[in-house]
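User: I'd like to learn how to read a few features of a protein model. Could you take me through them one by one?

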Amino acid sequence: MSRLCGGVRFSSCTPKVCIVGSGPAGFYTAQHLLKTHQNVHVDIYERLPVPFGLVRFGVAPDHPEVKNVINTFTQTAKHSRCRFYGNVNVGKDVSVGELKQAYHAVVLSYGAEGNRSMGVPGEGLAGVYSAKDFVGWYNGHPSCREVFTLNPDLNCETAVILGQGNVALDVARVLLSPIDILKKTDITQPALEALVRSQIRRVLIVGRRGPVQVACTIKELREMVNLPGTKSEMVEADFDGVTEALKDLPRPRKRLTELLLKTALDTPGDKEQQRRHQASRTWGFRFFRSPSEVLADADGNKTVGIRLAVTRLEGSGEGARAVLTGEVEDVTCGLVISSIGYKSHPIDPSVPFDTRRAVIPNTMGRVKQATGLYCSGWLKTGPTGVIATTMNNSFDTARSLVEDMESEALDLSSVKTGSEVISALLEERGVKSVSFSDWEKIDSVEMSRGEASGKPREKILTVEEMIQVART
């Protein structure tokens with residue numbers, strides 16, 4: 001079936017799609033659209049002057065191999081039918097309604113920038129940080145530039161991390177890694193200097209359930225087990241009954257649990273014994289514990305410890321639920337990092353949003369009751385999985401969009417001007433966008449600064465300086 005689109009046949013029509021957010025979800029959605037539809041034009045809008053989202057600001061500095069996806073994203077950004085507009089804050093500089101008028105479809109892929117609250121007394125004390133902010137600090141997120149001006153207490157001996165996922169282990173590893181390792185990464189200079197001075201010698205990674213439910217992957221656990229200069233410190237009783245449960249576990253979970261058991265309970269060989277004897281720092285999981293209060297010093301300002309409620313499990317396997325026993329224990333520490341999850345925020349009052357689940361209600365990426373509006377990534381599913389998970393969920397959204405174009409569920413009958421009208425609006429409002437070639441100037445400056453100090457790059461830490469370099 002052929003139809004007219006602004007006076008021309010559909011086959012020569014140009015569907016205009018805009019994507020809000022340039023992290024993995026945004027780029028994978030764009031990549032799939034460009035690959036599967038020969039005419040579509042895609043514009044990517046990003047709040048910051050720099051692209052790549054959590055690949056730049058979330059991936060640990062000592063995981064450069066994970067950042068290789070940037071090469072693929074760069075190819076997408078340089079595609080003849082794709083444009084990048086950085087330094088554009090959708091919801092503030094331009095509304096979703098205005099984007100919907102300018103484009104045939106709008107895909108929201110702006111991720112999860114909020115923190116889940118612990119909801120316990122003392123959460124606001126000095127020395128308590130979300131993992132998102134802590135990771136943003138050592139990875140150079142501009143919004144975290146001021147996080148540690150109040151003198152972070154890395155002078156304490158013990159840090160407690162709440163949560164046992166990969167992000168929690170990233171934070172633990174950065175806190176305990178030898179400086180010789182960190183100084184060869186793209187960790188920010190202020191963070192590196194603070195870690196050089198750090199007195200932290202012990203990191204406890206706390207979870208409310210047991211070893212069989214631990215949320216990290218085997219790769220991250222293995223890195224902790226083999227981290228130079230450290231040894232593990234576990235509570236043997238936490239592993240009661242775990243050996244018996246092994247036979248019923250699926251293979252990936254079984255391998256992870258076996259490594260945990262070996263680390264916690266096996267008698268080390270001579271070589272490992274020597275390595276542990278030489279270790280100056282320790283780390284360990286604490287299972288069946290849930291935060292109930294962050295403890296303050298005599299002045300009521302600063303963290304000196306955390307009260308943990310002891311739990312037990314009801315049920316078994318992945319579905320087991322932690323219930324309180326009524327017992328508590330206090331742990332002395334000067335730093336508490338909450339790694340219990342990220343959450344998305346609504347971007348615009350016109351966009352449906354499920355405040356309880358902190359996602360946009362959708363079916364296969366189609367926003368419910370909002371034709372022409374789509375979502376991908378964590379905004380679609382909640383903050384779960386790794387980059388490959390986000391890739392698959394973003395491809396699914398792109399497939400839904402292409403299906404809607406082909407089935408005519410998406411109205412392509414009117415010519416849309418896309419970035420033409422949006423760029424004019426932004427200019428009227430005094431907003432100067434950053435192009436991908438502008439980003440490449442920033443990239444080049446960062447890499448040359450890094451080269452001077454033996455690092456892959458030295459990140460620019462403020463939006464102001466990013467824009468200044470882009471305009472040079």
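Analyst: Let's start with a sheet. An open sheet of three strands runs in the order E13-E14-E15, with antiparallel pairing. Strands (E, at least two residues) and helices (H or I, at least four) are DSSP runs numbered from the N terminus. Two strands pair if DSSP finds at least two bridges between them. This is a predicted model: local features need pLDDT of at least 70, side-chain atom pairs count only at pLDDT 80 or more, and totals for chains, interfaces and linings use all residues. Residues are numbered from 1 along each chain as its sequence is written, and side-chain values use heavy atoms, with hydrogens and water left out.

User: Which strands stand at the edges of this sheet?

Analyst: Strand E13 (289-296) and strand E15 (321-332) do; each has a single partner strand, so one side of each lacks a neighbour in the sheet.

User: Over how many bridges do E14 and E15 pair?

Analyst: Strand E14 (residues 303-314) pairs with E15 over nine bridges, in the antiparallel sense. Take Arg307: its bridge partner in E15 is Asp330.

User: How do I read burial? Is helix H6 mostly covered or open?

Analyst: Use relative accessible area: under 20% is buried, over 50% exposed, and partly exposed lies in between (1.4 Å probe, protein chains only). Helix H6 (residues 166-176) is mostly covered, with 10 of its 11 residues buried. Among them are Leu169, Asp170 and Arg173.

User: How many aromatic pairs are there?

Analyst: Rings of Phe, Tyr and Trp (its six-membered ring) pair if their centres lie within 6.5 Å; planes under 30 degrees apart are stacked, over 60 edge-to-face, the rest tilted. The count comes to 16 aromatic pairs. In one of these, the ring centres of Tyr28 and Phe395 are 5.8 Å apart and the planes stand at 90°, so the pair is edge-to-face. Tyr28 is in helix H1 (residues 24-36) and Phe395 in helix H14, 367 residues apart. Tyr28 is buried at 7% relative accessible area, and Phe395 is buried at 14%.

User: What does the UniProt annotation "binding site" cover?

Analyst: UniProt positions follow the numbering used here, feature names are shortened, and annotations may be inferred rather than shown by experiment. The unreviewed entry lists Ala25, Glu46, Leu54, Val90, Trp378, Gly385, Val386 and Ile387. Their farthest two C-alpha atoms are 25.7 Å apart, so they do not all gather at one spot.

User: Where does Leu54 lie?

Analyst: Leu54 is in helix H2 (residues 53-57). At 34% relative accessibility, Leu54 is partly exposed.
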